Protein chains: 4
Amino acid sequence: MEEDSDDKTPVKKVRSNTAKSVQSPAKAVDIGEVENSTEEGEKMFEWLIHPVKKEKFFSELWEKKPLLVKRHLESYNDGWFSTEDLTKILHENDIQFGRNLDVTTYEGGQRETHNPPGRAYPAVVWDYYQNGCSVRLLNPQTYSQGVWRLCSSLQEYFSSMVGANIYLTPPGTQGFAPHYDDIEAFVLQLEGKKHWKLYSPRNDAEKLPRFSSDNFRQEEIGEAILDVTLEPGDLLYFPRGTIHQASALPDTHSLHITVSTCQRNTWGDLMEKLVPAALTMAFSEDVEFRQALPRDYLDYMGLANADLDDPRRKAFLGTVQSLLARLVNYVPVDAGVDQKAVEFMHDCLPPVFTRKERACSIYGCRTRLERGRVVGSVDLKTSTSVKLVRKGAARLVMEGEQVFLYHVLENARVYHGAELQPIEIPPDAAPAVEYLMHSYPAYVTIDSFPLDLQQDKVDLAMLMFEKGIIIAQEPVSVDN
Amino acid sequence: MEEDSDDKTPVKKVRSNTAKSVQSPAKAVDIGEVENSTEEGEKMFEWLIHPVKKEKFFSELWEKKPLLVKRHLESYNDGWFSTEDLTKILHENDIQFGRNLDVTTYEGGQRETHNPPGRAYPAVVWDYYQNGCSVRLLNPQTYSQGVWRLCSSLQEYFSSMVGANIYLTPPGTQGFAPHYDDIEAFVLQLEGKKHWKLYSPRNDAEKLPRFSSDNFRQEEIGEAILDVTLEPGDLLYFPRGTIHQASALPDTHSLHITVSTCQRNTWGDLMEKLVPAALTMAFSEDVEFRQALPRDYLDYMGLANADLDDPRRKAFLGTVQSLLARLVNYVPVDAGVDQKAVEFMHDCLPPVFTRKERACSIYGCRTRLERGRVVGSVDLKTSTSVKLVRKGAARLVMEGEQVFLYHVLENARVYHGAELQPIEIPPDAAPAVEYLMHSYPAYVTIDSFPLDLQQDKVDLAMLMFEKGIIIAQEPVSVDN
Amino acid sequence: MEEDSDDKTPVKKVRSNTAKSVQSPAKAVDIGEVENSTEEGEKMFEWLIHPVKKEKFFSELWEKKPLLVKRHLESYNDGWFSTEDLTKILHENDIQFGRNLDVTTYEGGQRETHNPPGRAYPAVVWDYYQNGCSVRLLNPQTYSQGVWRLCSSLQEYFSSMVGANIYLTPPGTQGFAPHYDDIEAFVLQLEGKKHWKLYSPRNDAEKLPRFSSDNFRQEEIGEAILDVTLEPGDLLYFPRGTIHQASALPDTHSLHITVSTCQRNTWGDLMEKLVPAALTMAFSEDVEFRQALPRDYLDYMGLANADLDDPRRKAFLGTVQSLLARLVNYVPVDAGVDQKAVEFMHDCLPPVFTRKERACSIYGCRTRLERGRVVGSVDLKTSTSVKLVRKGAARLVMEGEQVFLYHVLENARVYHGAELQPIEIPPDAAPAVEYLMHSYPAYVTIDSFPLDLQQDKVDLAMLMFEKGIIIAQEPVSVDN
Amino acid sequence: MEEDSDDKTPVKKVRSNTAKSVQSPAKAVDIGEVENSTEEGEKMFEWLIHPVKKEKFFSELWEKKPLLVKRHLESYNDGWFSTEDLTKILHENDIQFGRNLDVTTYEGGQRETHNPPGRAYPAVVWDYYQNGCSVRLLNPQTYSQGVWRLCSSLQEYFSSMVGANIYLTPPGTQGFAPHYDDIEAFVLQLEGKKHWKLYSPRNDAEKLPRFSSDNFRQEEIGEAILDVTLEPGDLLYFPRGTIHQASALPDTHSLHITVSTCQRNTWGDLMEKLVPAALTMAFSEDVEFRQALPRDYLDYMGLANADLDDPRRKAFLGTVQSLLARLVNYVPVDAGVDQKAVEFMHDCLPPVFTRKERACSIYGCRTRLERGRVVGSVDLKTSTSVKLVRKGAARLVMEGEQVFLYHVLENARVYHGAELQPIEIPPDAAPAVEYLMHSYPAYVTIDSFPLDLQQDKVDLAMLMFEKGIIIAQEPVSVDN
C-alpha cells in the first residue's frame with residue numbers, strides 16, 4: 001500500500017496495490033455469519049475504507065480532509081447497486097418524481113430540475129436520461145436489500161443516521177452545480193467513470209457546516225484541491241463543507257452511490273438539548289437564579305451603555321459568568337444523550353435479519369390457524385436463551401417516573417415512515433433489560449434475568465420477543 | 001331456484017338449488033379474458049348475487065330489504081380469502097394493531113377493543129384469538145390480490161367506492177355489539193358457520209342513514225326480522241341502517257368478508273355540492289339576490305313572530321320561495337357530478353392489470369440501460385391502436401379555463417394512500433380524450449384522434465400512455 | 001319643492017325651496033323627547049332625505065338612482081360634526097394612523113396612503129393636511145356623541161348596520177381615486193364645497209355589488225351621470241355600485257360625513273343561511289335525499305356528457321329539480337332570520353341613553369357603599385312599570401332546546417369591540433319576554449308578565465334590568 | 001422610630017412614631033414639581049416604606065422577609081383609592097366580570113368565584129358584596145389617575161413592571177384561600193381593618209417562586225410567622241413565596257391596594273435569553289461545536305450507563321464542561337439586557353404627564369384648523385431646548401444593521417393594550433439619541449445634538465417630539 005507522504009496536502013490519496021487481495025462486498029464483508037452487530041458495523045467500515053486503517057482515518061482524515069482510494073479492482077464495490085437494479089426498482093415500486101427521484105441537468109452554469117408529476121416508470125426515466133438528464137434516486141435503502149444492509153450496519157458503527165443516494169449520469173454530462181453538503185460523504189463508484197473536483201471550504205464559518213450550501217457559480221469556489229477520475233471499485237471520502245462537482249467522462253455513463261452520515265450529529269446539537277435543560281433545573285434548584293435583577297440594571301447595561309466604565313457593569317457581568325459557570329452542575333448529560341439517542345433511533349433503518357435470526361424471532365414464528373386450531377404458538381421457557389437482536393436496537397429511557405424501552409423494530413425502510421412506539425417497562429424490570437444490553441452479543445437464559453418471579457422474567461421476555469427486540473437461540477414456535 | 005313467495009317479509013330469502021352449476025370465483029367469474037371493465041363489473045356483480053337477477057335485485061331489494069342466498073355449494077366463495085391468507089398477510093406485511101387490524105370481544109353486553117400498540121405479528125394475533133378475541137382486518141384489498149380484484153371490479157359497477165373488511169371469530173363467540181352501518185353490505189361466508197340476526201331500522205330517520213350507529217343494547221333493537229346461520233358459499237345482503245349482530249357457532253370458527261359500497265353516495269350528497277354553487281352563481285348573475293332585505297323585516301320575521309298574522313310575512317316567505325325556485329336555473333349539475341366523480345376517483349382502488357394489459361402498458365415496457373445504452377424505448381406510432389385501460393380510469397374536468405384529466409392510475413391500494421395527480425390537457429385536445437372515452441372498449445388508432453397535427457396526436461397519446469391511462473393493443477416497447 | 005320632471009335621468013335631483021322651515025339637527029330632529037325608537041329612527045330618516053318623502057324614496061330611488069338634495073340652508077346639517085370636533089377628537093383619543101385615520105392623496109391618477117405608524121396627534125395630522133393630504137376618520141361614532149346618535153337611530157330604521165366616515169379635503173385636492181362601494185351612501189356636506197362626479201355601474205354584474213371595487217383609471221369609468229357641487233346643508237345619496245369621485249373646490253376645504261348602510265344585507269345573504277340549513281333538514285327528514293345515486297350516473301352525467309341525448313340525463317336532471325323544489329318545505333326562514341338578526345346585533349352600536357332613560361336604568365342606579373353600608377340598591381316591585389330600552393335592543397333566539405336573549409347593551413362604540421353576551425332564559429319565561437317586545441313602546445307592570453309566580457316575574461325583570469335591557473318608568477334605586 | 005431589635009425573626013416590624021410628620025400622598029410625595037423621573041421614583045418608594053431606609057430595606061428585607069409598618073396615621077395612604085372611587089369607576093367604565101373584576105368567597109375552606117357574565121354595574125357588584133362576596137378590581141391603574149401615577153413612578157424605580165389590585169372585603173369575611181404569589185407585594189391598607197396571617201415558604205423550592213401557588217388547605221401551611229391587623233395608613237410588604245391569608249374584622253369592611261412588582265424579572269429570566277443566543281453564536285463561530293460526537297458515545301453515555309466506570313465517560317463529560325465554559329465568550333449580555341428591556345417597556349404604563357409637561361409636548365400642541373387654515377403648528381428651532389419626557393421612556397436597540405428607538409408613549413393604560421411601535425433611527429443619529437439619554441434630566445438645545453447638519457438635528461427632534469418621547473422647555477406650538 002502506498003500513501004502520499006506529504007501530510008500537508010489537504011487531501012488524502014491512497015493507492016491501493018494490495019487490491020487483488022480485496023474482495024467484492026459479498027465476500028469481503030462476510031457479515032452473514034457475524035452474530036455481533038458492533039463487529040458487523042466495524043467490518044463494514046473497514047471494508048469501506050480499505051486499505052486505510054480505522055485509527056488513521058479517524059485521527060487524520062475524518063472531518064479534516066478528503067480521502068481518495070484508487071483500488072484498481074473494478075469489482076470491489078460490486079453487488080451493492082447497478083443500473084439494472086435501478087430499472088428493476090422503477091419497475092416494481094411506486095417511485096414518484098420529486099419525492100423519490102429527480103432528473104436534473106447542469107449546463108452552461110445553469111442547474112435545472114425536470115421532474116414531471118407522477119410515477120417514474122422506467123420508460124419515462126430512461127427517456128429523460130437519453131435526453132441528457134442525470135438521475136438521482138433518493139434513499140435506495142428503501143428498495144434495495146443490499147443498500148439497506150450497508151446503511152443499517154454503518155448506522156450502528158457511527159451512532160448516527162446513515163443515508164444514501166444513487167447518481168446516474170449520462171456520458172459527457174454533469175447533473176449538479178458545485179455546492180457543499182451537511183453530511184460526511186463516502187462516494188463508491190459502481191459503473192463507468194466520473195471526473196471529480198473538490199474545493200476547500202471558503203472560510204472557517206463554512207467548515208463542517210450545519211446546513212448545505214446553495215449552488216455556487218464556478219467563479220466563487222477557487223482552485224480545486226483534488227481533480228481525479230473515479231473508476232469502478234474506487235472510493236472518495238470528503239468531509240461536510242467540501243465543495244464538489246463531478247461529470248461523467250465523454251465516452252461512458254457513470255453510476256455511483258453516496259453514503260452519508262453525521263448530519264446534525266455534533267457536540268453543538270447535543271448542547272442544544274443540554275443547555276436549556278440545565279437552565280430549567282438551575283432555575284428550580286438554585287435560588288440565585290430566581291433572585292431579582294438589580295433594581296437599576298437598565299441604567300448601565302444594554303448596547304447603548306457598552307462603553308460605560310461603571311463598576312456595576314463589571315459586577316453584573318461577573319454575576320452572569322458565575323451563574324453560567326454554575327450551570328455545569330445542572331447539565332443532565334446522560335438524559336440529554338438519551339434524548340439524542342431516541343432521535344437517532346427515529347432516524348434509523350430497521351435491522352436486516354439474517355435467515356437464522358428471522359427463524360429465531362417473532363418474524364419466524366409460524367403460528368397459524370389450522371382447521372380452526374391455533375398451531376405453532378410461541379413458547380418461551382425460563383430455559384430459553386435470548387439476546388437483543390442488535391446492540392443498538394433498543395434503549396431504556398426515563399421519562400419522569402416512567403421507564404420506556406425505545407426500539408427500532410417498528411421503523412420503516414422509508415425514511416421517517418413510522419413513529420417510534422416505545423414500550424413502557426415496569427421500573428423494577430429495568431435492570432433485567434440493562435442486563436440484556438450489557439450481555440450482548442452473548443445469549444442468556446430467561447432464568448438468569450435479575451428478577452424475583454419466574455413469571456415476571458417470562459413476561460418481560462415475551463413483551464420484547466413479541467416486538468422483535470430479542471431473539472432466541474433456537475426457533476421457539478412449536479407445533480402444539 | 002326457490003324464492004320465498006311472501007313479498008311482504010322485509011327480507012328476501014333465496015334458496016339456490018341450481019347451485020351445482022355455479023362455480024367458484026376463479027371459474028364463475030372468468031374475467032381474466034374480459035376486455036371491457038363495464039362488462040367485468042357487471043359479471044362480478046351477477047356472480048355475487050347469483051341466482052338473483054340484477055333487475056330484480058335493484059327494483060325489489062337494493063336499499064329496501066335484506067337478501068339471503070343459501071347456496072349449498074361450499075366452494076362458491078372460495079378463492080377470495082382464507083384463514084391461511086390472513087396468516088400470510090400478517091407474516092409479510094407491516095399490519096399495525098388499531099390502524100389495520102382490531103382484536104375485539106363482545107361479552108355480557110360489553111364491547112371491548114384489546115389492541116396493543118405496534119405490529120400485529122401472527123404469533124401475537126393468534127394468541128389473542130386463542131383467548132377469545134375476534135379479529136377484524138381492515139381493507140384486505142391492500143394485501144390480497146383477489147380482494148383487490150373483487151373490489152376494483154365492483155367499484156366500476158357501482159360508481160361508488162367499494163371497500164371490504166375480513167372478520168374472523170373464534171367458536172362460540174361474538175366480537176361486536178348490535179349496530180347499523182352507513183354502507184350497503186354484502187356478507188360472503190368463507191369458512192365455518194355464523195349465526196346472524198338482522199333488525200329493521202328503528203324509525204324513518206334511521207332508514208338509509210348517513211352515519212353508522214353507536215353500539216346498541218339488546219333491549220333497544222326489537223325483534224329480529226332475520227335469524228339465520230351462514231355457511232361457506234352463502235351470501236347475505238342488507239341495506240345500510242339494518243341493525244345486525246352475529247356470532248360463531250359453538251363448534252366452529254367463522255370467517256367472512258363484508259364487501260361494502262354506497263357510503264355518502266346519495267342525492268343529498270350531490271345536492272350539497274350543487275346548491276351552494278347554484279347560490280353563488282345566482283348571487284353574481286341575478287340582481288334580485290343582491291337586493292336589500294326589507295327595511296323592517298326583523299319586526300315580523302323570526303321565531304318570536306312565527307305566529308304573527310301579517311301580510312308582510314306572507315310576502316317575505318313568497319320571495320324566499322321564488323328565489324329558491326330560481327336557483328334551479330343556476331344549478332351546475334354536470335359540474336357537480338364531475339366534482340363528485342373526482343372525489344370517487346380519489347377513493348378508488350387502482351385497476352388490477354391482467355398480464356396482457358400489463359404487457360401492453362407503460363408497466364410492461366422493458367426499457368432499460370444496457371451497457372450505457374437505452375434499449376426497449378416506447379415507440380408509439382400513429383398506426384398504434386390504443387384504448388383506455390378501464391372505462392372509469394379517467395375523467396375530464398373543467399376548472400375555470402383549464403381542462404384536467406383526472407385518473408386513478410397513481411392511486412395506492414392503501415385507502416387514500418395517494419393524492420390524485422390530474423394532468424392538464426390543452427383545451428383543443430379535450431375532444432380527442434372524449435373520443436377515446438366514448439370509443440371504449442374498442443381500440444382506436446392514434447391516427448384517428450380528432451386533432452389536426454400528427455405530432456399532437458402522438459404527444460397526447462404519449463402523455464396518457466406514460467401515466468398508464470391508455471394501453472396499446474400490442475406491446476410497444478421495442479429493442480432499438 | 002321642485003323636482004326634476006324627467007324621470008328617465010338616472011339621478012334624482014331635488015331642489016328644496018322649503019328649506020327655511022327646516023331646522024338644523026338639534027331642532028329638526030327633536031328626538032330627545034321621543035320615547036319610541038321606531039319613531040325616532042323614522043324621524044331621523046325623514047330629516048335625512050327631507051323634503052323627499054320616504055315612500056317615494058324607497059319606491060323610486062333606493063338601490064336604483066342617486067338623489068341630490070340642494071337645500072340652500074347652510075345650517076341644515078349643523079351639529080353632527082365639524083373640523084373643530086376633529087381636532088378635539090385627535091386631542092383626546094388614541095387615534096392611530098392606519099387603524100382609525102388615513103391620510104391620502106390622489107394626484108396625476110395616482111392614489112397614495114401616507115400613514116406613518118403610531119398615534120395621530122392633531123399637530124401631526126394637520127401637518128399632513130397642510131401638505132395636501134385628505135384626512136379620513138373611520139367610525140367617528142366611536143368618538144362623537146352626535147354621530148353615535150345619528151347612526152344608532154338609523155340602524156334601527158334600516159335593520160342593518162349603519163356606519164360612517166368623515167372626509168376632510170384640502171382646497172383644490174382630491175383624496176381618492178374613482179371607485180364604487182358595497183354600501184348605500186348618504187353624503188352630508190358639513191363645511192366648504194366639494195365637486196362630485198357620479199357614474200353608472202359599468203354592467204349588470206356591478207349593479208348592487210357584494211364587494212367594493214378597486215381603484216379605477218379615469219378612462220375605465222365612462223361619462224359622469226351627475227356632476228355637481230355640494231355645499232353645506234346638502235345631501236347626496238347613491239346606491240352601492242355607483243362609481244364616484246370628488247374634489248374640494250380650489251378656494252375652500254371640504255368636510256363631509258358619509259353615512260352608510262346595507263352592506264351584505266341582501267336576500268342572497270339570507271339565502272346563504274337558509275339553503276344549507278334546508279338541505280341539512282331535508283337530509284334528515286326526507287329519505288329520498290338519502291337514497292343512492294343511480295349506479296351508472298357517471299356514464300351520462302358530467303361536462304363531457306353535456307351534449308349527450310340520453311333519456312337518463314333528463315331523468316337525472318328531473319330528480320335534481322324535484323329535490324330542489326322539495327327544499328322549500330325545509331327552509332327554516334324564521335330561524336335563518338334570527339341568525340341574521342344576531343349578526344346584525346353584533347354589528348350594532350349600543351343605544352344612546354337619554355338623561356331620563358339613564359336615570360331609570362341600571363346605569364342610573366346610584367348604588368354605593370357609604371361607611372361600609374350598601375345604599376341605593378335596586379328595588380324592582382311587581383308594581384314597577386318597565387319597557388325595553390329600544391325596540392331593537394334584544395331578540396329571543398332558540399338554539400336547540402335552549403332559549404337565549406341576545407342584546408346590544410354590552411356592545412362597544414368601537415366596531416366589533418365586544419362579543420355578544422346572550423343571556424339564557426328559562427323556556428317558560430320566553431312568553432314574558434315576547435310580551436315585553438310586543439308591548440313596546442308602552443310601559444307594563446312587572447305584575448302583568450305572563451308568568452305564574454310573582455318571584456319569577458321579578459327575577460326575570462331583574463335579570464334584564466341588570467343588563468340594561470329594560471328600563472323602569474321611574475328611577476328604581478332607593479336609599480335604604 | 002422603633003424597630004424590632006431581634007433580627008432573627010423572619011419578619012421586619014416597624015413602629016413608626018414619627019408618623020405625625022408624614023403626610024398623605026398628595027403632600028408627602030410632592031412629585032408634581034419633580035422634573036426627574038428617577039428622583040420621582042425614588043421619592044415615591046421612600047414614601048412607600050417610610051420610615052425604613054431604602055438601603056436597609058434592600059439589604060435586609062427585599063426578597064428575604066416581610067415588613068410591617070404600623071403608622072398610626074390613618075391618613076397616610078389617603079388619596080390613592082377609596083370605596084367611592086370604586087363605585088365611580090364601575091359607574092363610568094365598562095368593567096366586565098371575570099376580565100376586570102372578580103367577586104369571590106372563601107368559606108369553610110372552600111374558595112369560590114361568583115362572576116356572572118357581562119358588565120359589572122355598581123348595583124350588581126354591591127348586591128354581591130351585600131351577600132358576602134369580596135370584590136377584586138384588577139389593574140385599577142387603568143381607571144384611577146392616582147394609581148396610574150403610583151405605579152408608573154415605581155416601575156421606573158424597579159426597572160420592572162409594577163401592577164396593582166384593589167381588594168374590598170365585607171365585614172367578617174375572607175375572600176381568598178391561603179396561597180403564595182409570584183410577585184413582591186406591598187399592601188397599603190386604605191379603609192377598615194384586616195387581619196393578616198403570613199407563613200414562610202414551605203421549602204427551598206418555593207422560595208422566590210417563578211409561579212403562584214394553587215390554593216392551600218389550612219393544614220398544609222404550618223404556623224403563621226406574622227399575625228397582625230392592618231389599619232388605614234399601614235403597610236405590609238412580603239416577598240414572593242410568602243403564603244398569606246387575610247380577613248376583614250367582624251365589625252368593619254376592609255379596602256386595600258396591593259402594589260406588585262418583580263414578576264419574572266430574575267437573573268434566570270435573563271439567562272434564558274442569553275444562553276440560547278450564546279449557543280447559536282458559538283455554533284457559528286467555534287468549529288468545535290460543529291464537530292461530530294464520538295462514534296461510540298451511545299455505548300457509554302445515557303442513564304443506563306450512568307454508573308459505568310469508563311474513561312470515555314470522563315472524557316465526554318469533560319468536553320461538555322469545556323464547551324459550556326466556552327459559552328461565556330459568546331454570551332451577548334448587553335443585547336440580552338436590551339431584549340429584556342424591550343419586554344419591560346411592553347409591560348410599562350405610559351407616563352403620567354404633569355400639566356406643564358403636557359403643555360410642552362406634542363399633547364399640548366393646540367394645532368387646529370381655523371377657517372380652513374392650519375394654526376398653532378409645531379415650531380422646533382435649533383435653539384429649542386428639549387429632554388426625554390422620562391428617563392425610562394425610550395431605549396435604543398440594535399436589530400441586525402438597523403437601529404430602533406423603542407418607547408412607551410404608545411402604550412395603553414390597559415395592560416398590554418397596545419403593541420410597541422419602535423421608530424427606526426438612521427444609525428448615525430444614534431449618538432444624538434444617546435446624548436439625549438445621558439443628558440437626562442437636563443434640557444439641551446437641539447443645536448447641541450452631535451450631528452453634522454442642522455436639518456438632521458431638527459428632523460430627529462421632530463421625529464421624537466411627534467411621538468411624545470421628548471418635550472420642550474417651553475410650549476412650541478405657535479399661532480402662525
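**Largest cavity and chain interfaces**

In chain D, α2 (37-49) and α6 (145-158) each supply at least two residues of the lining of the largest cavity; helices (H or I, at least four residues) and strands (E, at least two) are DSSP runs, numbered from the N terminus. The structure is a predicted model, in which local features need pLDDT of at least 70 and side-chain atom pairs count only at pLDDT 80 or more, whereas totals for chains, interfaces and linings use all residues. Residues are numbered from 1 along each chain as its sequence is written, chains are lettered from A and ligands numbered from 1 in the order in which they are written, and side-chain values use heavy atoms, with hydrogens and water left out.

A cavity is a set of points, on a 1 Å grid over the protein atoms alone, where a 1.4 Å probe fits but cannot get out, and lining residues have an atom within 4 Å of a point. Grid points are joined across faces, edges and corners, and a volume is the space filled by probe spheres set on the points. By this rule there are 17 cavities of 30 Å³ or more. The largest cavity has a volume of about 150 Å³. Its lining consists of 17 residues, and S152(D), Q155(D), E156(D), P351(D) and R390(D) lie nearest its centre. The largest share of this lining, four residues, comes from α6(D). By class, the lining has eight nonpolar, six polar and three charged residues, where Ala, Val, Leu, Ile, Met, Phe, Trp, Tyr, Cys and Pro count as nonpolar, Asp, Glu, Lys and Arg as charged, and the others, Gly among them, as polar.

Chain B and chain C each give 70 residues to their contact, contact meaning heavy atoms within 4.5 Å. The area buried between chain B and chain C is about 6,300 Å², and carbon and sulfur atoms give 69% of it. Buried area is the accessible area (1.4 Å probe) that two parts lose on being put together, summed over both. W267(B), R290(B) and R295(B) supply 14% of the area that chain B buries against chain C, more than any other three residues. Two salt bridges cross the interface of chain B and chain C, each a side-chain nitrogen of Lys or Arg within 4 Å of a carboxyl oxygen of Asp or Glu. A salt bridge joins the side chains of R313(B) and D334(C) (2.7 Å, N to O). On the side of chain B that touches chain C, α7(B) gives the most, with 11 residues. That side divides into 40 nonpolar, 11 polar and 19 charged residues.

The contact between chain D and chain C takes 33 residues from each chain. About 3,000 Å² is buried between chain D and chain C, of which carbon and sulfur atoms give 55%. Y121(D), Y363(D) and L369(D) lose the most area to chain C in chain D, together 19% of what that side buries. Zero salt bridges are found across the interface of chain D and chain C. On the side of chain D that touches chain C, the elements giving two or more residues are α4 (83-92), α5 (122-130) and β14 (368-370) of chain D. The largest share, seven residues, comes from α5(D). The residues of this side are 14 nonpolar, 11 polar and eight charged.

Two chain pairs lack a contact. Chain A and chain C do not touch, and their closest C-alpha atoms lie 24 Å apart. For chain B and chain D, which also do not touch, the nearest C-alpha atoms are 24 Å apart.

Conventions: On a 1 Å grid over the protein atoms alone, a cavity is a set of points where a 1.4 Å probe fits but cannot get out, and a pocket is an open set with protein on both sides within 12 Å along at least five of seven lines; lining residues have an atom within 4 Å of a point.
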